[in-house]
Amino acid sequence: MEERLELMISERRIRARTATLARRIDDDYRGRDLSLVIVLKGAVLFAADLMRHIAIPFTIDFIAAASYGAGTRSAGNVALSGADGLTIRGRHVLVVEDILDTGRTVAAVLDSLQAHGPASLALCALLRKPAAAALDLPAAYSGFDIPPDFVVGWGMDYAERYRNLRGVYRLILDGGEG
């Protein structure tokens with residue numbers, strides 16, 4: 001099966017939008033105990049860029065969530081790890097995610113974190129697809145709304161490839177999914 005990439009969002013646009021989101025986070029969380037919980041692996045590049053632009057103090061933690069495996073469609077099962085060791089009680093938690101797709105993964109992350117007693121819980125995602133936009137998720141910060149295509153780059157992968165691309169690309173699989 002042949003794979004093709006089509007640029008959807010350029011590096012320049014991502015960097016500009018990330019800086020804007022960081023300024024909003026600074027304004028909204030100034031004077032509060034902010035904890036960023038970064039969802040591995042896909043959100044790492046976006047989170048690193050976002051953190052470099054946030055001027056207020058914050059702590060960081062990581063949680064791993066997986067639902068795709070090697071395909072381009074969510075398997076429906078969400079595997080979480082790392083939430084048990086978090087110390088977020090009484091803190092304002094901002095979950096940093098690469099993409100809000102079906103909403104299943106982030107719903108599982110939010111349910112898990114809520115059990116730890118944060119003062120507040122919100123989401124910051126680089127990308128949001130229509131299915132997630134229709135849900136009642138606390139997505140206070142969203143970089144770009146995109147169509148329901150499978151995308152890679154800027155930390156997001158297909159079978160552990162393409163994370164290093166300097167932009168967000170639509171992955172087109174000729175003769176199959178995509």
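This is a short tour of a predicted model, told as a series of selections to make in your viewer.

**Stop 1: the sheet**

Start by showing strands only. You should find an open sheet of six strands, in the order 4-3-2-5-6-7, with mixed pairing. Colour strand 4 (79-81) and strand 7 next: these are the edge strands, and each pairs on one side only. From one strand to the next, the twist averages 20°.

Now zoom in on the strand 4 side. Strand 3 (residues 58-66) and strand 4 run antiparallel and are joined by three bridges. To see the pairing residue by residue, select Ala 64, which stands opposite Ser 81 in strand 4.

**Stop 2: strand 5 and its partners**

Move along to strand 5. How many of its nine residues are buried? Nine of the nine are, so strand 5 is largely enclosed by the rest of the structure.

Look at its two pairings in turn. With strand 2, strand 5 pairs in the parallel sense over five bridges; select Leu 34 and you will see His 92 of strand 5 opposite. With strand 6, strand 5 also runs parallel, and eight bridges join the two. Here, pick Leu 94, whose bridge partner in strand 6 is Ala 122.

**Stop 3: helix 1**

Select residues 11-29. This is helix 1, with 19 residues and a reach of 27 Å from its first C-alpha to its last, close to the 27 Å expected at 1.5 Å a residue. Now show the side chains of Ile 14, Thr 18, Ala 19, Leu 21, Ala 22, Ile 25, Asp 26 and Tyr 29, the buried residues of helix 1. Why do they sit on the same side of the helix? They cover an arc of only 165° around the axis, and that puts them on the same side. Turn to the other side of helix 1 and you meet Arg 12 and Asp 27, both exposed. Before leaving, click on Gly 31, just after the helix, where phi is positive at about 80°.

**Stop 4: helices on the sheet**

Bring the sheet back alongside helix 1. The helix packs on the sheet and touches strand 2, strand 5, strand 6 and strand 7; its direction makes about 170° with that of strand 7. Then add helix 2, which also packs on the sheet, touching strand 2, strand 3, strand 5 and strand 6. The direction of helix 2 makes about 155° with that of strand 2.

**Stop 5: the nonpolar cores**

Next, select Ile 25, Leu 50, Leu 94, Leu 126, Leu 127 and Val 168. Of the 30 residues in the largest nonpolar core, these touch the most other members. Among the elements giving two or more residues to this core are strand 1 (2-10), helix 2 (44-53) and strand 6 (120-128). Which element provides the largest share? Helix 1 does, with five residues.

Centre the view on Leu 126. Beyond its neighbours within four places in sequence, its contacts include Ile 14, Phe 46, Phe 144, Trp 154, Met 156 and Val 168. Then switch to Ile 63, Leu 100, Leu 113 and Leu 123, which are part of a second, separate core of 19 residues.

**Stop 6: helix 3**

Finish with residues 104-114, helix 3, where Thr 105, Val 106, Val 109, Leu 110, Ser 112 and Leu 113 are buried. Look down the axis: the buried residues fall within an arc of 165°, so they line one face of the helix. Show what covers them, and you will find strand 2, strand 3, strand 4, strand 5 and strand 6 included.

Note on methods. Residues numbered from 1 in each chain as written. Predicted model: local features only at pLDDT ≥ 70, side-chain atom pairs only at ≥ 80, totals over all residues. Heavy atoms only, no water. Helix = DSSP H or I, 4+ residues; strand = E, 2+ residues; numbered from the N terminus. Expected span 1.5 Å × (residues − 1). Buried < 20%, exposed > 50% of the residue type's maximum accessible area, 1.4 Å probe, protein only. Arc of directions from axis to C-beta. Core = buried A, V, L, I, M, F, W, Y, C linked by side-chain atoms within 4.5 Å. Contact = heavy atoms within 4.5 Å. Pairing = 2+ DSSP bridges. Axes fitted to C-alpha atoms, helices over the stretch in contact; angles between N-to-C directions.
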